[in-house]
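Let's take a look at this protein together and see how it holds its ligand. Have the sequence and the 3D view ready.

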Amino acid sequence: MKIGIIGTGMVGQVLAAKLAADGHTVVVGTRNPAETLARTSPDGYGNPPFAAWQRAHPAVKLGTFAEAATHGEVLLNAASGGGSIQALTAAGAGNLEGKILIDIANPLDFSKGMPPSLSVCNTDSLAEQIQRAFPGLKVVKSLNTVTALVMVNPAAVAGGDHHLFVSGNDAGAKAEVIRLLGAWFGWKNIIDLGDITTARGTEMMLPVWIRLWGALKTPMFNFKIVR
Ligand SMILES: NC(=O)c1ccc[n+]([C@@H]2O[C@H](COP(=O)([O-])OP(=O)(O)OC[C@H]3O[C@@H](n4cnc5c(N)ncnc54)[C@H](OP(=O)(O)O)[C@@H]3O)[C@@H](O)[C@H]2O)c1
């Protein structure tokens with residue numbers, strides 16, 4: 001498939017590496033490709049600069065947000081929470097029209113330090129903000145409740161015996177995302193929570209996720225729903 005990834009951080013890199021290794025053609029989008037490639041210092045999490053990562057993954061193309069959106073039959077939003085609307089605006093509404101966007105972004109606000117708070121919650125969500133801003137896009141919130149390495153390899157935690165969620169207004173788009181997440185990464189247990197407003201719930205799992213990360217001293221865990 002042709003896949004467009006909006007975002008060059010750890011999530012964009014991990015997704016791009018896995019999808020390209022499996023033969024998909026991937027364009028990763030950034031604000032300014034030349035500036036992104038010119039960065040020499042590690043990112044905010046201590047990961048190597050993008051250029052070093054790209055040298056190890058030459059099959060993945062870097063482009064503008066608009067180039068990634070134009071390329072992708074399916075799009076993944078791996079921009080920061082605060083930058084997502086700006087990134088998608090730069091991608092161009094016309095390039096998003098009618099496409100599925102798997103929205104992975106969390107509206108984390110680090111402005112007052114750690115732990116971050118949520119910049120939107122309770123009565124709204126980032127996924128809803130994106131859906132309202134781009135009505136022609138089929139936004140499906142998913143993957144945002146696990147760390148990047150678990151997104152692409154659920155079997156790495158308890159053999160994959162744990163859950164992921166989808167939220168979105170378009171039933172066909174959600175069914176396709178459930179199929180893709182199974183085919184691409186091996187996700188077996190995916191709960192359809194309902195329309196896009198249900199993304200409030202999974203975005204509000206992040207404050208719990210962050211405390212668990214601190215307590216467990218590893219991001220390699222997930223939620224399992226038992227009943
Ligand atoms: N890290 C994880 O394991 C994990 C797990 C679940 C969900 N998430 C969510 O996934 C998303 C990506 O996380 P990440 O850690 O890979 O990267 P990140 O540092 O949160 O985001 C990096 C991306 O956001 C873009 N960006 C930042 N500010 C922007 C702005 N004002 N306008 C346009 N674009 C902007 C950057 O653009 P440039 O390329 O131009 O710099 C870059 O592509 C986040 O929303 C995060 O909450 C992360």
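## A look around the model

Pro115 sits in the loop between strand 6 (108-109) and strand 7 (117-118); helices (H or I, at least four residues) and strands (E, at least two) are DSSP runs, numbered from the N terminus. The peptide bond leading from Met114 to Pro115 is cis, with omega near -10°. Another loop, between strand 8 (138-141) and helix 8, holds Leu143. Phi of Leu143 is near 70°, a positive value in a residue other than glycine.

Before going on, a word on the model: it is predicted, local features need pLDDT of at least 70, side-chain atom pairs count only at pLDDT 80 or more, and totals for chains, interfaces and linings use all residues. Residues are numbered from 1 along each chain as its sequence is written, and side-chain values use heavy atoms, with hydrogens and water left out.

Now for the ligand. Which residues come nearest to it? Of the 25 around it, they are Thr8, Val11, Thr30, Arg31 and Ala79 (near: a heavy atom within 4 Å). By class, this shell has twelve nonpolar, eleven polar and two charged residues. Here, Ala, Val, Leu, Ile, Met, Phe, Trp, Tyr, Cys and Pro count as nonpolar, Asp, Glu, Lys and Arg as charged, and the others, Gly among them, as polar.

The table lists polar contacts (pairs of N or O atoms within 3.5 Å) made by an oxygen atom of the ligand.

| Residue | Partner atom | Distance |
|---|---|---|
| Ala79 | polar backbone atom | 2.7 Å |
| Arg31 | side-chain N or O atom | 2.8 Å |
| Asn106 | polar backbone atom | 3.2 Å |

On its own, the ligand has 890 Å² of accessible area (Shrake-Rupley method, 1.4 Å probe), and the protein covers 82% of that. Helix 1 (10-21), helix 5 (84-91) and helix 8 (148-151) are the elements that give two or more residues to the shell.

Where does the ligand sit? It sits in the largest pocket, meaning that more than half of its atoms lie within 2 Å of the pocket's grid points. A pocket is an open set of points on a 1 Å grid over the protein atoms alone, where a 1.4 Å probe fits, with protein on both sides within 12 Å along at least five of seven lines; lining residues have an atom within 4 Å of a point. Of the 49 residues that line the largest pocket, Gly9, Val11, Tyr45, Ala78 and Ser80 are closest to its centre. Helix 11 gives the most to this lining, with four residues.

Terms used:
A polar contact is a pair of N or O atoms within 3.5 Å; within protein, one must be able to donate a hydrogen and the other to accept it, and residues adjacent in sequence count only if both atoms are side-chain atoms.
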